[in-house]
Amino acid sequence: MRLGEDSLLLSRWLRDPLGIGGVMPSGADLSRMMARAVDPSRSGAIVELGGGTGSITSALLAAGIPKDRLIVLEREAELHRHLCDRFAGLTVLAADATDLAQSLGDLGVAKVAAVVSSLPMLSMPGREQQQVLGQAFGLLRRDGAFIQYTYGPGAPVSPARLADWGIEARVVGRSWRNLPPASVWRLRHLGSTVSDQDTPRAGAFLQQAAEACESVLQRFSPRRIGMRDPDRATDRRLEGFERTHRQ
Ligand SMILES: C[S@@+](CC[C@H](N)C(=O)[O-])C[C@H]1O[C@@H](n2cnc3c(N)ncnc32)[C@H](O)[C@@H]1O
């Protein structure tokens, strides 16, 4: 943790406790655990949701994830500014995770290798959880992981909802040294291993997610709508993303 980052998060938390979801930045032990849960050999972008002060961003970079594979979303303006200052050259989007497919569509990114999330899932309404997970699993490559930590005693999303949506959740680590102690979960969509007949709602969930991602990509891809950022550096980065990640 860097000087001032704990007070930065605390000041944001005092304004919006449920929306920030944590008083302290993730500790070094938890951040490393989150980064280790990502398989860097899978191709595609790595997306971090709720970058906050950047502890997990920093651990992902230290674990060898190249800057040009990492995309960070943060919806709180001051934390977004902080992340941009701390990680020059990294793609940090001032965006809400419930608009994930559109945000990545604007970059021309259609598939991702892993999603790493610090979002306060437990305090999010079910509809928002479904939007985030639905879009994330629509973008993840087959068997791709959604990594989430939680301070709660159980899964980061209620087991009943996860079952409804056809998502399996497993603990992959516990950080007792973190304040407060946290557990790291790997969420995986079972769409490929269960039939629609067995779990009609899970099948419908995945189908809906895939359609949402596809229609957003068709409507908002910068190539398709001929968008050109006046800033040439951003423009070149968009082209790079399209070449690397779009199938
Ligand atoms: C627990 S804090 C981040 C902790 C972070 N790992 C750190 O060390 O600073 C959760 C973050 O998620 C962000 N957040 C919450 N809901 C969000 C959403 N729907 N979209 C994007 N960011 C969100 C908050 O603004 C906050 O920065």
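How many nonpolar, polar and charged residues does the shell around the ligand have? By class, there are 10 nonpolar, 10 polar and 4 charged residues in that shell. The model described here is predicted.

**Ligand shell**

The ligand is surrounded by 24 residues. Gly22, Pro25, Gly50, Gly52 and Ser55 are the closest. Three elements give two or more residues each to this shell: helix H2 (17–20), helix H4 (55–62) and strand S2 (70–74).

**Protein chain**

The protein chain has 247 residues, of which 43% count as buried. Its secondary structure comes to 10 helices and 7 strands. Among contacts in the chain with a separation of 6 or more, 70% are between residues 24 or more positions apart.

**Helices H6 and H7**

Helix H6 covers residues 100–107 and helix H7 covers residues 126–139. The axes of H6 and H7 come within 8 Å and cross at roughly 40°. On the H6 side, the contact is made by Leu100, Ala101 and Leu104. These meet Val132, Gln135, Ala136, Gly138 and Leu139 in H7. By class, the contact of H6 with H7 has 6 nonpolar and 2 polar residues, and no charged residues.

H6 is mostly covered, with 7 of its 8 residues buried. The buried residues in H6 are Leu100, Ala101, Ser103, Leu104, Gly105, Asp106 and Leu107. Leu100, Ala101 and Leu104 are thus both buried and part of the contact with H7. After H6 comes Gly108, which has a positive phi, near 80°.

The two sets of residues described by class are set side by side below.

| Set | Nonpolar | Polar | Charged |
|---|---|---|---|
| Shell around the ligand | 10 residues | 10 residues | 4 residues |
| Contact of H6 with H7 | 6 residues | 2 residues | no residues |

**Arg75**

Arg75 lies in the loop between S2 and helix H5 (77–86). S2 is also one of the elements that give two or more residues to the shell around the ligand. Why does Arg75 count as partly exposed? Arg75 has 18 other C-beta atoms within 10 Å, and a residue is buried only at 20 or more and exposed at 12 or fewer, so Arg75 falls in between.

Leaving aside residues up to four places away in sequence, Arg75 touches Ala94, Ala95 and Asp96. The C-alpha atoms of Arg75 and Gly52 are separated by 9.0 Å, and the two residues are 23 residues apart along the chain. Gly52 is among the residues closest to the ligand.

Conventions: Residues are numbered from 1 along each chain as its sequence is written. This is a predicted model: local features need pLDDT of at least 70, side-chain atom pairs count only at pLDDT 80 or more; totals for chains, interfaces and linings use all residues. A residue is near a molecule or strand if its C-beta atom, placed from the backbone, lies within 6 Å of it. Helices (H or I, at least four residues) and strands (E, at least two) are DSSP runs, numbered from the N terminus. Ala, Val, Leu, Ile, Met, Phe, Trp, Tyr, Cys and Pro count as nonpolar, Asp, Glu, Lys and Arg as charged, and the others, Gly among them, as polar. Two residues are in contact if their C-beta atoms, placed from the backbone, lie within 7 Å. Axes are lines fitted to C-alpha atoms, for helices over the stretch in contact, and angles run from 0 to 180 degrees between N-to-C directions.
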